[in-house]
Every structure is written in structure tokens, then in C-alpha cells.
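Trainee: Please take me to one strand of this model and look closely at a single residue there, and then carry on from that place to how the parts of the chain are held to one another. I am new to this structure, so a slow and connected account would help me.

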Amino acid sequence: MKTLVAAAVAAVIAAAPAIAETKIGLITTLSGGGSHLGIDTRDAFMLAVEQAGRDDVTVIEKDDARKPDVAKSLADELIQKDKVQVMTGIIFSNLAMAVVPGAVRQGVFYVSPNAGPSALAGKGCHENYFNVAYQNDNLHEAMGAYMKAEGLTAPFILAPNYPAGKDSLTGFKRMFEGDVAGETYTKLGQTDYAAEIAQIRASGADSVFFFLPGGMGIAFMKQYTAAAVDIPVYGPAFSFDEIILGAVGDAAIGVKNSAEWTHDLDVPASKAFVAAFKEKYGRVPTIYAGQGYDTAKLILAALDKADPATDPDGFRAALAAAEFESIRGAFRFGPNHHPIQDIYVREVVAGPDGKPTNKLVGVALKDHQDAYAADCKM
């Protein structure tokens, strides 16, 4: 009898379908300039995977070192050798442009936790490309609208000379709808801003708007403060995340910045995420962490409904439905697979420990959709 029972159990186990493994390729910036952006994205993504307790998901992590050729080579390896079905992780838009078009044409799904170049939101959109963060212009559009409402009339604007930088100033001007005192593009990765600060001082500007993510923002703010320029500064969250604030210090207090999420947002899922991230990693999550977490939650929710390897149409539909608990509260995609969402304004203030931190102060744009959605034909 025991032998018969054992044989029957073995037969049932043999007949049961194997759990399908989904391989996710995560390429992000983990070394060199801007590495804290990728590290926060990676850490929050892996936190969500860990919380889900999934044994059918394998994340293969790669460091692009912020180099487009490296990112493209890694993507080819992940697709051709590792057979990943889903890719994510890229922070910088020039790297996204090197990777995403080729990946989605090969049937791989790409879910962006950050980079949202206009070229992929409009005519270059694709059914397998989703952006969980924003379209690049969005946070800059919000600050343009906010500064206009505040009565500022002559901003000096600057950003790095790469796709996200160009999108940023385009977005700012779209919503500011006025003349600027000066406009300049800096070198990506630049650390000396003496010339730009001299331009600002001589421009007659009543304000400065800049987009300089990672170490670029740290260098600019330190030099701007040292130069004692008495012109107020504004920007997107990328230039004033919690890591940058720790490096810049009190010089950033009073700065207003725009974000689609902030760590003090009054949303239950957000509060739970912030607490879990702080407990695991010992730091306050940046906007990049928030985006990485939501990206993982979306992918995992879609995997509950369909296998991208055997049912790509079902998986695509599940991604588009976006039925997951976002830290932003209600979440929905527009027709080009970019979020339609509120964009907030934050102010850098002294926190309870005396160190600078961001505090939510209002909404700059409500239910905002990017300017390129009408050009997307899917």
C-alpha cells in the first residue's frame, strides 16, 4: 500500500506543470557619477521582490556605469544569452535610447523606473514599452507652471546637454510661457560651474531653474552658495533628492522642487514603503527609490495574471491595467503607456534632526498627461 501511495504521489508531482520562471534584466547605474540614483532604484526594486516572496522571479542585475555602449552590450547579453522576458532599471535617457528601441523590437518588455525621453513617448512609442515614473518633461513643466503662478518673470534655466536635459528645458518653457533671462546646456557629468554662475549673475534673472541630477546638482549648489549669488533657486526633485540634500546641507533650505512622489505623501502604501525602506537600508528613500518600488510592484502584479513568455498579449494588458498598490495612490497610464498623475511641489526645510529634508507644500499640476501622447500611434 505504501508503495502504491508513493507511486501515486510521484505521478501527481510529475504531471504537475513546472512553475514558469520569469527573468528580469535590471540594468542601472551602480558605479561612477550618478550611482546613488541607480542604487536607490535597485534597492527599492529588490525590496518589493523580497516582500512578494516570489520564487518564480529571477532578477539579473547589471551595472551600466552610465555608459550607453556598456548598457547596449549588457542588454544584448541579457536578451540573447540569459533570455530575459522583462527589462528595467535604466536611469539616464541617453542610455535608454541606446537600449529600449532594440529590446522591445525583439519582443522583450521594457518597464522604465526613471528615464522617459520624449522620443519614446510620442512617435517612437511601442506596445512593449511602459514608463512608471513620468515623461521627462513632466516635473519641469510643473515647476514652470508653479514659477509663473508665483509671479516670476525672468528665470535663468540650465540643464545637461543630453535627451533628458533637452526635454527638461522644453517642458519648463512650455508651461512657463514667457521669456527667460538666459538658457544654457552644460556638459553631462560636469563638475565646474564657474562660467555658468557668472552668466547667471550677469543675466538680470529673478530666479534660477536647473536640472542637474546626481553629483552635478551637488557640485552646482555648493559652488552657487559659495559664490553668494542672491537669486532664488528652483528645480525638479532630481536635483534635490535626499542624498543630494545630505551632501549640499543647509545651502538647499528654502529651495522649491517638483516631484510626482515624496516621502511624506499621505498615502498608506507610501508610508509602509518608507518605513520598510528605512528599516532595511537605514536611509530615507529618494524619488528614484519610489519609482523603482512602484515599477517592481507593477511587474509583479502583471505576472500574477500572465506569463510574458507564453502570453505576451495578456502580460501587456495586465501592465496597461496597472492594477497594483502604488505608493502614489491611484495610478493609471495614458494611451502612450506613461502615467497620468499629479505633480507636487516640495520645499527643502530643516527636519526634526536639523538636517535638510523635503516637505510637501502643494500640487503644481493635477492629473497631468504628457505633451507627446497624441503623437503615439499604437
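Mentor: Leaving aside residues up to four places away in sequence, Tyr185 touches Ala159, Pro160, Asn161, Gly165, Lys166 and Leu169, and please keep in mind throughout that this is a predicted model. Tyr185 sits in strand S7, which covers residues 182-186, and its relative accessible area is 32%, so Tyr185 is classed as partly exposed. Between the C-alpha atoms of Tyr185 and Ala374 there are 28 Å in space, while the two are 189 residues apart in sequence.

From the strand we can step back to the domains. The domain assignment gives domain 1 as 2-134 + 265-337 and domain 2 as 138-259 + 343-375, and the centres of the two, taken over C-alpha atoms, are separated by 29 Å. Where they meet, 25 residues of domain 1 are in contact with 25 residues of domain 2, and about 2,000 Å² is buried between them, 68% of it on carbon and sulfur atoms. Of the area that domain 1 buries against domain 2, 23% comes from His36, Tyr134 and Ile287, more than from any other three residues. Between the two domains the count is one salt bridge, together with four residue pairs in polar contact. On the side of domain 1 that touches domain 2, helices H2, H4 (93-105), H5 (118-121) and H12 (287-303) each supply at least two residues, and by class that side has 11 nonpolar, 10 polar and four charged residues.

Salt bridges are worth following further, since side chains of opposite charge can pair when their charged atoms come close. The count comes to 21 salt bridges, and one of them joins the side chains of Asp43 and Arg283, at 2.8 Å from N to O. Asp43 belongs to helix H2 and Arg283 to the loop between helix H11 (268-281) and H12, so this pair ties together parts that are 240 residues apart in sequence. With a relative accessible area of 8%, Asp43 is buried, whereas Arg283, at 22%, counts as partly exposed, because buried means under 20%.

In another salt bridge, the side chains of Glu141 and Arg174 meet at 2.6 Å, N to O. Glu141 lies in helix H6 (residues 138-149) and Arg174 in helix H7 (residues 163-176), so the parts tied together here are 33 residues apart in sequence. Glu141 is buried at 2% relative accessibility, while Arg174, at 28%, is partly exposed.

A further salt bridge runs between Lys305 and Glu323, whose closest N and O atoms are 2.1 Å apart. Lys305 is in the loop between H12 and helix H13 (312-321), and Glu323 is in the loop between H13 and strand S11 (341-350), 18 residues away. Glu323 is exposed, with a relative accessible area of 55%. Elsewhere, salt bridges that share partners join Asp40, Arg42, Asp43, Glu61 and Arg283 into one network. Within that network, Arg42 lies in helix H2 (residues 35-52) and counts as buried at 18% relative accessibility; beyond four places in sequence, Arg42 touches Leu26, Thr28, Leu30 and Glu61.

Methods: Residues are numbered from 1 along each chain as its sequence is written. This is a predicted model: local features need pLDDT of at least 70, side-chain atom pairs count only at pLDDT 80 or more; totals for chains, interfaces and linings use all residues. Side-chain values use heavy atoms; hydrogens and water are left out. Helices (H or I, at least four residues) and strands (E, at least two) are DSSP runs, numbered from the N terminus. Buried means under 20% relative accessible area, exposed over 50%, partly exposed in between (1.4 Å probe, protein chains only). Contact means heavy atoms within 4.5 Å. Domain bounds come from an automatic or database domain assignment. Buried area is the accessible area (1.4 Å probe) that two parts lose on being put together, summed over both. A salt bridge is a side-chain nitrogen of Lys or Arg within 4 Å of a carboxyl oxygen of Asp or Glu. A polar contact is a pair of N or O atoms within 3.5 Å; within protein, one must be able to donate a hydrogen and the other to accept it, and residues adjacent in sequence count only if both atoms are side-chain atoms. Ala, Val, Leu, Ile, Met, Phe, Trp, Tyr, Cys and Pro count as nonpolar, Asp, Glu, Lys and Arg as charged, and the others, Gly among them, as polar.
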